[in-house]
Amino acid sequence: MIFFWRLSIIDKDIIYGKFEFNNKSYPFFFANYIITVTQTPYEFNNDFINNYHFDYLRGVANNNKYIFFLDCDIVGGQLGPISRNLQLVCKGYVLSDSSEDCYDQIKFFSSALNAFYSPHRAIEINHKDILFSVQGLTFKNYEDTSRKFSCIINGEHIDCILLFRSSVTLKPEDSSIVSVNTTFSMKFSESKSVTKLAQYYLYLHDFLVFVNFRADVPIDNVILYKKVENEKYAKIGTAMFCQRDCRQYSADNKRSISYNDLPDKSLPNIFSSIGERREQKCYNPFFIPLDDKDARYFNSAKWLITAISFEGEFNRKYPEYKYNNDEKFKKAKDLLISTIDKVVAESEVSINNRSNAALNSFRNIISHTDTTIKEKFQFCMDNYVNEITPLIKKYVTAEGIDKDTNFSQAYSDYRNNIAHGSILPISKTEKITFQLMKCFIYALILEAGGVPREKIKDIITRMF
């Protein structure tokens, strides 16, 4: 499991307790996702001499709750056992009322969910004239405000629910009496181990990063439930994960994708597509800004990362596009490959002969040759012309350049220069190709998820 974060001090409380390993108990204190084993000098170090990674460790905390440390590594790796302090770093933990390491439902709380599925949906305003005579607020029924959908991620069926949680405070010093927040639940037909909890956390986290186009989205709380009877669930514990410093995050539905943007089956399709990317080894968050500050500027490195992301997304959506759509190209490519194969097959020399090795290397180059980078960019310019025309007008006006500029050629030229080490200054044209690449990445993903073209236009116009 791969996590992307920069560690921040978000857990100020110290937890004490004991965890078990190989039928032996070890006292610890835990703070800032570091487990420190308390010992006399080198008392327990040799117990971990051949163990550097643990999917999870189970123990009991000082508040008499069971604690499960998730995805743990010995600090220092092979050198850990000779360190003065025996420490492990974990990527998350669970505090549970039950010694069982399983659950049937997860409920996530995140301010980023509020932008995606607004809490305003939960409230009905009773009024004669909304400007002058608001008579009161009432909460709508659960059936009217919750939204359910099912998806299959990595071959696993998951039932998901968007709903609201409200709380009321009667403290006279509080300015807000009522608080309403969006939650996201995952229900499973079979109990799941805590070892898979990080995987489900990342499904939602990656989705929220995508819809916000920001990497600093927080997941504030995770609650685990156990099924007790029929459709009734009992809370058994809470979980926390190490995540980016999200203190500057601010939900903004004006620049993010919302529930209304993903009609019909688009939401489960997009959620599944994003969730599967880590398992498919194609997860690429590097073109997404870390936060609002990071989104305000870019350089040649960011331009290149975004270009690679765009080309990868194009290849996933349209593999062998030119081969499948250009008959002359198809014939030429097939002829070259068959000719090379024939020469190699008829050769009396060993396949390891240098000349055959060179032919096979050339064959590999030919087999991977398809649409050029310029053609990929131009295809998207043509394919999404209705979606990007308003944006191009905005960009060329802002930069003061000719609207008839050949952006495909400009993209190809700068991409080749920078990829081969010629770092040229970023011009006004590159600023526009940078913006268009982001639009194309989102358009390709959204189109693959079945999002209607008019919705894609609304989304990229709003976000970029």
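Biologist: I started at Y16, which stands opposite F29 in β2. What makes β1 and β2 a pair?

Modeller: A quick note before that: this is a predicted model, in which local features need pLDDT of at least 70 and side-chain atom pairs count only at pLDDT 80 or more, while totals for chains, interfaces and linings use all residues. Residues are numbered from 1 along each chain as its sequence is written, and side-chain values use heavy atoms, leaving out hydrogens and water. Now, two strands pair if DSSP finds at least two bridges between them, a strand being a DSSP run of E with at least two residues, numbered from the N terminus. β1 (residues 15–21) and β2 (residues 24–31) are joined by seven bridges and run antiparallel, so they meet that definition. F21 opposite K24 in β2 is another match.

Biologist: How do you know that β1 also pairs with β4?

Modeller: Three bridges join β1 to β4 (residues 53–61), again antiparallel, and the cut-off is therefore met. In β4, F19 has G59 as its bridge partner.

Biologist: What about the side chains along β1: which are buried?

Modeller: I15, G17, F19 and F21 point to one face and are buried, whereas Y16, K18 and E20 point to the other and are not. Buried means under 20% relative accessible area, exposed over 50%, and partly exposed in between, using a 1.4 Å probe and protein chains only. In a regular strand the side chains alternate between the two faces of the sheet.

Biologist: Why is K226 called buried?

Modeller: K226, in strand β13 (residues 221–229), has a relative accessible area of 19%, and because the limit is under 20%, it counts as buried.

Biologist: What makes K226 and S191 a polar contact?

Modeller: Their side chains come to 3.1 Å. A polar contact is a pair of N or O atoms within 3.5 Å; within protein, one must be able to donate a hydrogen and the other to accept it, and residues adjacent in sequence count only if both atoms are side-chain atoms. The 3.1 Å value therefore fits the distance limit.

Biologist: Finally, why is C160 not in a disulfide?

Modeller: A disulfide here is a pair of cysteine sulfur atoms within 2.5 Å. The closest cysteine sulfur to that of C160 is in C151, at 4.1 Å, so it is too far for a bond. The structure holds zero disulfides. C160 is buried as well, at 1% relative accessible area, and C380 is buried at 0%.

Conventions. Helix = DSSP H or I, 4+ residues; strand = E, 2+ residues; numbered from the N terminus.
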